Amino acid sequence: MSTIIPLANVDPAMVEQLLDRAFEPERHRRTAYVVREGMDWLPALSFAALDDEDMLCGTIQCWPVALNTPEGRAVPLVMVGPVAVLPAMQNEGFGKMLMLSALQALRDVSGPQGALPQVLIGDPEYYGRFFGFTAAHTGGWVLPGEWEPARLLCRADNPAVLPEKGVLGPWGGAARAAAG
């Protein structure tokens with residue numbers, strides 16, 4: 001039996017070590033890191049998993065990002081990930097528990113209009129089957145760097161709010177400048 005706790009309760013150095021073990025130190029070059037560059041993760045939506053011996057075995061972070069439309073509108077989104085689990089403990093359900101915790105927390109903090117749309121870069125089969133993410137609305141979106149369009153996934157209570165085109169980047173001035 002594992003325990004889910006707020007990520008804010010974990011030493012940041014331990015989180016970085018776990019991320020390095022799960023994704024290798026080269027992870028900082030990935031497109032997702034550029035998308036959320038300069039942002040702090042959202043404490044209310046970010047969690048850690050502890051194993052039976054209360055050792056850190058997984059984390060999930062959520063980030064404030066924006067889809068910046070050609071018309072100059074910044075549409076707020078929550079970027080989910082990385083979802084990281086120690087390699088020796090993968091396929092034991094920790095990642096799924098972390099995802100469910102983050103998505104439940106997002107519902108809990110949502111206002112009457114529903115949760116902000118969520119975006120991630122990941123396996124469409126897994127994230128679609130278990131969590132309802134799809135690439136159906138992201139075909140006209142652009143990211144900095146390289147990415148596989150089929151892996152850019154989104155989930156929204158009301159997909160009609162999603163712009164057809166835009167540049168995904170960090171929330172704030174840097175994101176609006178990228179839409180340029």
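Before I turn to the cavity, a word on terms: when I say helix or strand, I mean a DSSP run, of at least four residues for a helix (H or I) and at least two for a strand (E), numbered from the N terminus. Please also keep in mind throughout that what we are looking at is a predicted model.

Let me begin with the interior. The structure holds 1 cavity of 30 Å³ or more, and the volume of the largest cavity comes to about 30 Å³. Its lining is made up of L45, C62, V78, V80, A102, L103, L106 and Q118. Which elements each supply at least two residues of that lining? They are β4, covering 74–85, and α3, covering 94–109, and of the elements it is α3 that gives the most, with 3 residues. If we sort the lining by class, we find 7 nonpolar residues and 1 polar residue, with no charged residues.

Among the lining residues, I would like to dwell on Q118, which is placed in strand β5, residues 118–121. Is Q118 buried or exposed? Its relative accessibility is 1%, and because the cut-off for buried is under 20%, Q118 counts as buried. As for polar partners, the side chain of Q118 reaches the backbone oxygen of L116 at 2.6 Å, and that side chain also makes a polar contact with the side chain of R155, at 2.6 Å. Leaving aside residues up to four places away in sequence, Q118 touches V78, V80, L103 and L106, and in addition F133, L153, C154 and R155. V78, V80, L103 and L106 also appear in the cavity lining.

I turn now to the backbone, starting with β4, where P82 has its place. A cis peptide bond joins G81 and P82, with omega at about 15°.

There are also two residues to mention for their phi values. D54 is not a glycine, yet it has a positive phi of about 60°, and it lies in the loop between β2, which is 47–50, and β3, which is 56–68. With a relative accessibility of 53%, D54 counts as exposed, since the cut-off for that class is over 50%. N91, likewise not a glycine, has a positive phi of about 70°, and it is found in the loop between β4 and α3. Where does N91 stand, buried or exposed? N91 is exposed, its relative accessible area being 83%.

How values were computed. Residues numbered from 1 in each chain as written. Predicted model: local features only at pLDDT ≥ 70, side-chain atom pairs only at ≥ 80, totals over all residues. Heavy atoms only, no water. 1 Å grid on protein atoms, 1.4 Å probe; cavity = no way out; pocket = protein on both sides within 12 Å on 5 of 7 lines; lining within 4 Å. Points joined across faces, edges and corners; volume = space filled by probe spheres on them. Nonpolar A, V, L, I, M, F, W, Y, C, P; charged D, E, K, R; others polar. Buried < 20%, exposed > 50% of the residue type's maximum accessible area, 1.4 Å probe, protein only. Polar contact = N/O pair within 3.5 Å; in protein donor to acceptor, adjacent residues only side chain to side chain. Contact = heavy atoms within 4.5 Å.
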